[in-house]
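Welcome! Have a look at the structure below, and then we will walk through a helix, a pocket and a couple of loop residues together.

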Amino acid sequence: MLFKTISASVYGIDAYPVEVEVDVGSAYMKDFNVVGLPDNAVKESRERIKSALRNCGFEFPYSPADLRKEGSGFDLPMALGVVGCQGQFFGKILDQMMFLGELSLDGSVRPVRGALSATIAAREKGLKAVAVPESNAREAAVVEGIEVFALKSLPQAVDLVNSPESFQKVHVDASHMLTEAAQYSVDLRDVHGQQAAKRALEVACTGGHNILFIGPPGAGKTMLAKRIPTILPPMSLEEAIETTRIHSVAGTLDGTQGLIGTRPFRSPHHTISDAGLIGGGAVPRPGEVSLGHNGVLFLDELPEFQRNVLEVMRQPLDFD
């Protein structure tokens with residue numbers, strides 16, 4: 001029997017809808033094969049799904065094929081497909097809802113990366129709702145025009161499909177969240193003296209210019225640099241969503257945060273590789289340049305960075 005659910009795969013900072021097809025044949029699960037360019041995390045999902053289904057009381061009896069599937073977020077939709085093949089679904093919302101979530105062995109749903117991007121992709125696809133792990137709910141609910149449900153376990157996901165009216169949607173006030181999140185732990189007014197340096201920072205930030213700090217150790221270069229985000233304009237909601245998407249995909253977003261409201265300050269070590277700085281990989285991941293987007297990228301001890309690392313900064317620094 002063939003059953004389909006909808007999920008999403010993150011590529012770069014964008015997400016693409018993935019149709020997860022589960023087929024239980026006459027051999028009835030003598031083997032468990034995953035196809036469609038899955039990475040190791042997706043291949044390993046078979047063991048998590050088996051244990052989660054058994055421990056939750058269920059019997060254990062796809063998307064474009066050229067798009068690589070990465071991460072553990074397919075656990076939940078794959079498990080739901082197995083449950084659906086057993087005829088345990090009576091609801092009619094599966095073709096209108098996207099599911100994301102990693103399964104633990106006891107069937108609880110764990111957070112995943114890129115929930116915000118996946119929710120945006122679901123809205124663009126015309127889906128009515130998205131079901132995400134509880135830790136990702138506030139992040140996903142920032143997206144307007146689509147219903148968001150928070151899940152704690154696999155049985156709860158099954159109940160959601162069968163009786164969605166009994167579940168409460170997650171609602172957030174994005175503007176209020178942004179105001180609450182816009183709190184810095186440091187401030188430029190904490191710095192006494194350094195009038196010329198502070199004036200230079202103000203001029204550079206006003207014009208959006210790059211800054212080169214030169215001075216002996218202990219002169220306060222790093223201290224001043226860390227306070228640059230506090231004199232930049234407050235983040236707009238669009239900037240906050242854009243920044244949150246990047247950090248969500250990178251896995252640096254705190255589960256209690258729905259939005260990043262402060263401008264990022266990234267200070268990578270001088271031993272960083274060119275890929276770590278600029279990003280990339282077989283499945284593209286944000287580098288420090290992307291993580292510093294809408295904020296500050298501070299390269300401390302600049303001469304210590306490898307030449308090939310500094311060379312990749314040419315294009316990001318080119319404003320022409």
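In this predicted model, K198, L201, A204 and C205 are the buried residues of α8. They cover an arc of only 125° around the axis, which puts them on the same side of α8. On the other side of α8 you will find Q195, A196, R199 and T206, which are exposed.

**Helix α8 and its surroundings**

- Which helix do the buried residues of α8 pack against? Their partner is α9.
- α8 runs from 195 to 207, and its length makes a nice check: at 1.5 Å a residue, its 13 residues should span 18 Å. The C-alpha atoms at the ends of α8 are 19 Å apart, which agrees with that expectation.
- Just after α8 comes G208, and the phi of G208 is positive, near 70°.

**The largest pocket**

- A general idea helps here: rolling a probe the size of a water molecule over the atoms shows where empty space is left.
- The largest pocket holds about 1,300 Å³ of space.
- How many residues line the largest pocket? There are 38 of them, and N210, I211, V296, L297 and F298 lie nearest its centre.
- Four elements each supply at least two residues of this lining: α8, α9 (221–226), β9 (296–297) and α14 (314–317).
- Helix α9 gives the largest share of the lining, three residues. You have met α9 already, as the helix that the buried residues of α8 pack against.
- What kinds of residues make up the lining of the largest pocket? The lining divides into 23 nonpolar, 11 polar and four charged residues.

**Two loop residues with positive phi**

- Q194 has a phi near 55°, a positive value in a residue other than glycine.
- Look for Q194 in the loop between α7 (174–181) and α8.
- Is Q194 buried, partly exposed or exposed? With a relative accessible area of 31%, Q194 is partly exposed, because that value falls between the 20% limit for buried and the 50% limit for exposed.
- E301 also has a phi near 55°, again a positive value in a residue other than glycine.
- The place to find E301 is the loop between β9 and α13 (307–311).
- E301 has a relative accessible area of 49%, so this residue counts as partly exposed too.

Note on methods: Residues are numbered from 1 along each chain as its sequence is written. This is a predicted model: local features need pLDDT of at least 70, side-chain atom pairs count only at pLDDT 80 or more; totals for chains, interfaces and linings use all residues. Side-chain values use heavy atoms; hydrogens and water are left out. On a 1 Å grid over the protein atoms alone, a cavity is a set of points where a 1.4 Å probe fits but cannot get out, and a pocket is an open set with protein on both sides within 12 Å along at least five of seven lines; lining residues have an atom within 4 Å of a point. Grid points are joined across faces, edges and corners, and a volume is the space filled by probe spheres set on the points. Ala, Val, Leu, Ile, Met, Phe, Trp, Tyr, Cys and Pro count as nonpolar, Asp, Glu, Lys and Arg as charged, and the others, Gly among them, as polar. The expected span of a helix is 1.5 Å times one less than its number of residues. Buried means under 20% relative accessible area, exposed over 50%, partly exposed in between (1.4 Å probe, protein chains only). The arc is that of the directions from the helix axis to the C-beta atoms. Contact means heavy atoms within 4.5 Å.
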